[in-house]
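Subject: Structure handover

Hello,

Here is the structure I promised to pass on to you. Please open it alongside this message, and then read on at your own pace.

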Amino acid sequence: MLRSLIFRFSPKSVLNVRIASKSTIDYSRVPQLLDEDLEETFVRGSGPGGQAVNKTSNCCVLRHKPTGIVVKCHIHRSATQNSKEARAILTRRLDNFINGDLSVENQEKMQEKQKTREADRRRRKLQDLKRQWKEREQPD
């Protein structure tokens, strides 16, 4: 049996995800969440917010029973929004856990690496052309 993994997310970690072009990424392997496989509870959150945070139980704790992966989400004030966000996060975590290098997140990372490699190649090529032009044009 797998040990439970707890992932906590702040608003920065969720919102800073860039979306790559959808045409080159394979979404067919993304696992579907079934309601009978999930255990959802709402607990009191933590962090700034004072009395509003201390009195309300709107932090969503979502547990995937087959794998034991636990996600805790307290980004929004609303319990329903936190629940939706937790499901999205759990889907991404399951995709990474099950598919590894073929997960959507890793495909996006590989695509970003390829873009930066191509940009670096173009920059180096332009620098070489400039250097060659200077060598040709400058008299000794």
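Below is a short tour of what was found, from the overall layout to single residues.

**The whole chain**

Please keep in mind that this is a predicted model. The protein contains four helices and four strands, and along the sequence these come in the order β-α-β-α-β-β-α-α. It has 140 residues, 24% of which count as buried. The accessible surface is about 10,500 Å², with carbon and sulfur atoms contributing 52% of that area. If you look at contacts between residues with a separation of 6 or more, 56% of them join residues 24 or more positions apart.

**Strands E3 and E4**

A good place to begin is the pair formed by strand E3 (residues 59–64) and strand E4, which run antiparallel and share five bridges. Within this pair, Cys60 stands opposite Cys73 of E4. Four residues lie between the two strands of the hairpin, and Gly68 has a positive phi there, near 80°. Strand E4 covers residues 69–73, and because four of its five residues are buried, the rest of the structure largely encloses this strand.

Strand E3 also holds His64. Is His64 buried or exposed? Its relative accessibility is 9%, so His64 counts as buried. Beyond its neighbours within four places in sequence, His64 is in contact with Leu33, Asp37, Leu38, Ile69, Leu90 and Leu94.

**Arg87 in helix H3**

Next, please find Arg87, which sits in helix H3 (residues 79–99). Arg87 is partly exposed, and its relative accessible area is 27%. Which residues does Arg87 touch, not counting those up to four places away in sequence? They are Leu33, Asp35, Leu38, Glu40 and Leu62. Leu38 is 49 residues from Arg87 along the chain, yet their C-alpha atoms are separated by 9.5 Å.

**Salt bridges**

How many salt bridges does the structure hold? There are ten. One of them joins the side chains of Glu39 and Arg63, with an N to O distance of 3.3 Å. This pair links distant parts of the chain, since Glu39 belongs to strand E2 (residues 38–43) and Arg63 to strand E3, 24 residues apart. Both ends are partly exposed: Glu39 has a relative accessibility of 37%, and Arg63 has a relative accessible area of 25%.

Helix H4 (residues 104–137) offers another example, where Arg123 and Asp120 are three residues apart and therefore separated by about one helical turn. Their side chains meet in a salt bridge at 2.9 Å, N to O. Arg123 is partly exposed at 43% relative accessibility, and Asp120 is partly exposed at 31% relative accessible area.

Asp128 and Arg131 form a salt bridge too, at 3.4 Å from N to O. These residues both lie in helix H4, three residues apart, or about one turn of the helix. Asp128 is partly exposed with a relative accessible area of 36%, while Arg131 is partly exposed at 42% relative accessibility. Elsewhere, salt bridges with shared partners connect Asp35, Glu40 and Arg87 into one network. Two members of that network, Asp35 and Glu40, also appear among the residues that Arg87 touches.

I hope you enjoy exploring it.

Best wishes

Key: Residues numbered from 1 in each chain as written. Predicted model: local features only at pLDDT ≥ 70, side-chain atom pairs only at ≥ 80, totals over all residues. Heavy atoms only, no water. Buried < 20%, exposed > 50% of the residue type's maximum accessible area, 1.4 Å probe, protein only. Contact = heavy atoms within 4.5 Å. Areas by Shrake-Rupley, 256 points an atom, 1.4 Å probe, with all protein chains shown as cover. Pairing = 2+ DSSP bridges. Salt bridge = Lys/Arg side-chain N within 4 Å of Asp/Glu carboxyl O.
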